[in-house]
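Dear colleague,

I am passing on the structure that we spoke about, and below it I have set out what came up when I went through it. Please read the notes with the model open beside them.

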Amino acid sequence: MLERFFPSQLARGIAECAIAALLSFIVLLLVRRRGVSLLAELPLAQLRGIAQILAVGAVLEWMLHGPQWTSLLVLMGMMLAAASIVRRRAKSIPRAFTLALISIFSGAGSVLLIMTLVGVIPLRVAMIVPVGSMVIAQTMNMQSIFLDRLRGEVTSHIGEIESALALGASPDVALSRYLQAAYRASLIPSLDNVKSLGIVWIPGIMAGMVLSGSSPVYAALYQFVVLTTIFSAAALTCLVCSYLVTRRVFTINEQLLLR
């Protein structure tokens with residue numbers, strides 16, 4: 001129907017974006033009835049998202065005709081931005097930005113490096129940037145869930161944690177139950193994505209490869225590679241984060257900071 005009113009592809013794209021944004025606004029109005037209000041964040045998030053993705057499209061257009069090493073700079077910039085976003089979701093954790101950056105760089109960075117060195121992800125701008133951005137973005141989401149769940153677990157069990165410390169347990173031991181719960185919760189979405197692949201959803205990269213002329217079977221196999229790479233990167237990032245976060249939750253005198 002939109003094609004009748006918007007024959008121009010650009011005008012139709014703008015109209016589709018407007019409809020998608022309006023639908024999300026209506027959904028959040030319904031969600032507000034449950035006492036969860038994200039309406040103040042939504043318009044800014046959508047404006048920011050559309051501006052960023054348009055900027056990325058322009059940069060990719062330029063990079064496709066430039067040197068390959070520029071893709072590494074883009075991925076490092078994405079890691080910095082991801083760490084900044086995680087920091088905002090984990091404000092109560094001291095030095096959350098450095099925690100998030102080290103974890104993402106160690107987890108997502110090392111997994112991307114391995115997959116690139118063995119040739120699974122070709123070192124071409126058209127491949128490394130889109131696949132790397134998916135890995136970094138999902139890693140960011142998993143780490144935000146991990147830290148948010150950990151904060152909730154710790155603030156709900158302050159008495160138990162301080163009792164364990166008083167009985168002589170180390171901070172790592174006192175926190176281990178809650179780290180396990182946060183770690184498990186953070187990986188469930190990524191694991192479910194792998195489980196539901198091809199049944200509940202057909203990811204965009206597979207559709208894009210088929211449309212560009214690749215074999216559907218190879219596109220399906222490569223989609224599996226991308227999702228399992230995302231899972232590995234997210235799991236490794238949260239694992240690194242789980243080891244580093246203890247020092248930020250407790251003082252050097254083993255007193256609980258997070259309340």
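Two salt bridges are found in this structure, which is a predicted model. One of them joins the side chains of Arg 151 and Asp 148, with a nitrogen-to-oxygen distance of 3.4 Å. Both Arg 151 and Asp 148 belong to helix H6, which covers residues 125-156, and the three residues that separate them in sequence amount to about one turn of that helix.

Helix H6 also bears on the annotation. The UniProt record, an unreviewed entry, places the feature "transmembrane region" at residues 12-31, 43-63, 69-86, 98-121, 127-147, 194-214 and 220-245. Of these spans, residues 127-147 are 100% helix and 0% strand in the model, and the C-alpha atoms at the two ends of the span lie 30 Å apart. For residues 98-121 the end C-alpha atoms are 27 Å apart, and here the span is 83% helix, again with 0% strand.

As for the overall fold, the protein comes to 11 helices and zero strands, and its C-alpha trace spans about 70 × 50 × 35 Å along the principal axes.

The domain assignment divides the protein into domain 1, residues 1-65, and domain 2, residues 68-247. Their C-alpha centres lie 25 Å apart, and the contact between them draws on six residues from domain 1 and nine residues from domain 2.

What holds for the interface itself, in area and in chemistry? Domain 1 and domain 2 bury about 590 Å² between them, and 69% of this area is on carbon and sulfur atoms. On the side of domain 1 that touches domain 2, the residues divide into four nonpolar and two charged, with no polar ones. Although two charged residues are present on that side, the rule finds zero salt bridges across the interface of domain 1 and domain 2. It likewise finds zero residue pairs in polar contact across this interface, where both residues of a pair would have to be at pLDDT 80 or more.

With best regards

Key. Residues are numbered from 1 along each chain as its sequence is written. Side-chain values use heavy atoms; hydrogens and water are left out. UniProt positions are given in the numbering used here, feature names are shortened, and annotations may be inferred rather than shown by experiment. Helices (H or I, at least four residues) and strands (E, at least two) are DSSP runs, numbered from the N terminus. Domain bounds come from an automatic or database domain assignment. Contact means heavy atoms within 4.5 Å. Buried area is the accessible area (1.4 Å probe) that two parts lose on being put together, summed over both. A salt bridge is a side-chain nitrogen of Lys or Arg within 4 Å of a carboxyl oxygen of Asp or Glu. A polar contact is a pair of N or O atoms within 3.5 Å; within protein, one must be able to donate a hydrogen and the other to accept it, and residues adjacent in sequence count only if both atoms are side-chain atoms. Ala, Val, Leu, Ile, Met, Phe, Trp, Tyr, Cys and Pro count as nonpolar, Asp, Glu, Lys and Arg as charged, and the others, Gly among them, as polar.
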